[in-house]
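Me: I am new to this structure and should like to be taken through it step by step. Please show the sequence and the structure before we begin.

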Protein chains: 2
Amino acid sequence: MPTLYDYLDSGNGYKCRLLLAQLGIPYTRVELDIDKGETRRPEFLAKNPNGRIPALELDDGTVLAESNAILCYLADGTPFWPSDRLLKAQVLQWLFFEQYSHEPYVATPRYILRHLGRQHPRMAEMPERLEKGRAALAVMEQHLAKHDFFVGNRYTIADIALYAYTHRADEADLDLTPYPALRRWLDRVAAQPGHVKMLPGD
Amino acid sequence: MPTLYDYLDSGNGYKCRLLLAQLGIPYTRVELDIDKGETRRPEFLAKNPNGRIPALELDDGTVLAESNAILCYLADGTPFWPSDRLLKAQVLQWLFFEQYSHEPYVATPRYILRHLGRQHPRMAEMPERLEKGRAALAVMEQHLAKHDFFVGNRYTIADIALYAYTHRADEADLDLTPYPALRRWLDRVAAQPGHVKMLPGD
């Protein structure tokens with residue numbers, strides 16, 4: 001049984017939990033509190049030298065890091081990651097978009113607000129981050145105005161990856177009102193079979 | 001014949017040029033000057049709504065964005081991206097590492113220095129970016145101290161993606177002296193068959 005090193009409030013961790021649930025794969029979950037530095041301790045750095053959750057430890061002890069690489073590993077050979085060469089690459093295009101153009105500007109503002117607080121000096125980063133966050137949401141809105149899902153007209157790991165932090169955008173001071181197609185897509189994702197919520201209180 | 005929308009001084013563009021050369025794929029190259037805003041004009045935004053190079057236009061008009069997704073598309077079915085499920089995911093792990101933990105802290109400092117200059121207000125970002133850049137180089141060094149290449153003991157697109165900006169780290173004020181295994185790896189990558197340099201003057 002694989003072990004997921006995780007942190008409940010992490011959208012990157014949630015991506016893996018959601019796909020594991022939808023694939024019906026049993027796993028052990030180990031909670032590491034990033035606010036207490038538990039991902040930077042020697043015992044975890046031996047597993048992921050980059051010191052970040054999520055990380056997936058396989059039965060043979062191999063540890064795979066990076067949330068979106070874990071999604072690809074788990075989805076390989078399933079309809080969650082199409083095998084057609086172009087569709088496969090289009091899924092990856094959105095996964096890289098998520099990590100480069102979305103996560104730092106949607107997840108990080110949420111982290112600052114929830115974990116550091118509105119009095120923290122890092123609040124100075126918010127205006128620029130939120131501007132780029134709105135740009136990422138606008139790119140998503142433009143695509144979703146014409147497509148029900150990101151790739152190949154069906155639910156894939158591209159939707160899972162982008163759903164994770166987008167559905168908590170309000171917690172990042174990002175108002176989703178201007179993005180109606182995106183909001184309809186959030187509902188479609190939440191209605192998928194086997195969907196699980198991110199936090200126990202949701 | 002595919003068309004690569006590119007900018008010569010971009011390491012992300014160079015990744016694609018290097019792999020296209022090593023695969024022997026002929027292509028048309030269209031240069032867009034990011035400093036002149038040429039990637040934010042309507043005619044290019046119609047191709048890539050995220051307004052970034054590189055983007056690869058295929059014969060049927062499909063445009064694939066995100067440098068590392070382009071690498072995967074081109075390498076699919078070749079030894080540059082192994083087909084084994086775990087190796088394939090390990091390559092992706094390093095590609096996501098590159099975009100999330102390396103590029104913003106190696107490529108962006110280089111961009112600030114080369115394109116904005118040492119008098120620019122964005123120089124204020126340099127200390128934190130370079131600290132994270134050194135952290136990324138240290139993660140690479142630790143891995144390369146035990147491995148000749150990033151995945152599967154052979155040259156793959158993981159090496160191509162990480163080589164692109166690492167081999168220009170000096171232009172980002174990042175000194176590679178403390179990373180001897182990494183420097184030997186740079187030499188191994190540059191010695192691969194069909195290697196091409198990034199800039200005409202190199």
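Reply: Chain B holds an open sheet of four strands with mixed pairing, in the order E2-E1-E3-E4. Strands (E, at least two residues) and helices (H or I, at least four residues) are DSSP runs, numbered from the N terminus; two strands pair if DSSP finds at least two bridges between them. This is a predicted model, in which local features need pLDDT of at least 70, side-chain atom pairs count only at pLDDT 80 or more, and totals for chains, interfaces and linings use all residues. Residues are numbered from 1 along each chain as its sequence is written, while chains are lettered from A and ligands numbered from 1 in the order in which they are written.

Me: Which strands of chain B stand at the edges of the sheet?
Reply: An edge strand here has a single partner strand, so one side of it is left without a neighbour in the sheet. In chain B this holds for two strands, E2 and E4 (63-65).

Me: In which sense do E1 and E2 of chain B pair, parallel or antiparallel?
Reply: Strand E1(B) covers residues 3-6 and strand E2(B) residues 28-31, and four bridges link them. Within this pairing, Leu4(B) has Arg29(B) as its bridge partner, and Tyr5(B) has Val30(B). The sense of the pairing is parallel.

Me: Which helix joins E1(B) and E2(B) in a β-α-β unit?
Reply: The unit is right-handed, a term used if, with the strands pointing away from the viewer, the path from the first strand over the helix to the second runs clockwise. The helix in this unit spans residues 11-23 of chain B and is H1.

Me: What is the bridge partner of Tyr5(B) in E3(B)?
Reply: E1(B) is also joined to strand E3(B), residues 55-57, by three bridges, and these two strands run antiparallel. In E3(B), the residue that partners Tyr5(B) is Ala55(B).

Me: What is the average twist from one strand to the next in the sheet of chain A?
Reply: Chain A has an open sheet of four strands with mixed pairing and the order E2-E1-E3-E4. Its E2 (28-31) and E4 stand at the edges, each with a single partner strand, so one side of each lacks a neighbour in the sheet. Axes are lines fitted to C-alpha atoms, for helices over the stretch in contact, with angles from 0 to 180 degrees between N-to-C directions. The twist averages 20 degrees.

Me: Which residue of E4(A) stands opposite Glu57(A)?
Reply: Strand E3(A), residues 55-57, pairs with E4(A) in the antiparallel sense over three bridges. Opposite Glu57(A) stands Val63(A).

Me: Which element of domain 1 of chain A gives the largest share of the side that touches domain 2?
Reply: Chain A is divided into domain 1 (3-75) and domain 2 (85-190), with bounds from an automatic or database domain assignment. Eleven residues of domain 1 of chain A are in contact with eleven residues of domain 2 of chain A, where contact requires C-beta atoms, placed from the backbone, to lie within 7 Å. The elements of domain 1 that give two or more residues to this side are H1 (11-23) and H3 of chain A. The largest share, six residues, comes from H1(A).

Me: Which element of chain A gives the most to the side that touches chain B?
Reply: The contact takes 25 residues from chain A and 25 residues from chain B. On the side of chain A, the elements with two or more residues are E4 (63-65), H3 (67-75), H4 (85-116) and H5 (126-144). With twelve residues, the element that gives the most is H4(A).

Me: In chain A, which residue has the C-alpha nearest the axis?
Reply: Copies are superposed by least squares on the C-alpha atoms of residues with pLDDT of at least 70 in both. A turn of 180 degrees and a shift of 0.0 Å along the axis lay chain A on chain B with an RMSD of 0.0 Å. The two copies are thus related as by a two-fold rotation axis. At 3.1 Å from the axis, the nearest C-alpha in chain A is that of Tyr100(A).

Key:
Contact = placed C-beta atoms within 7 Å.
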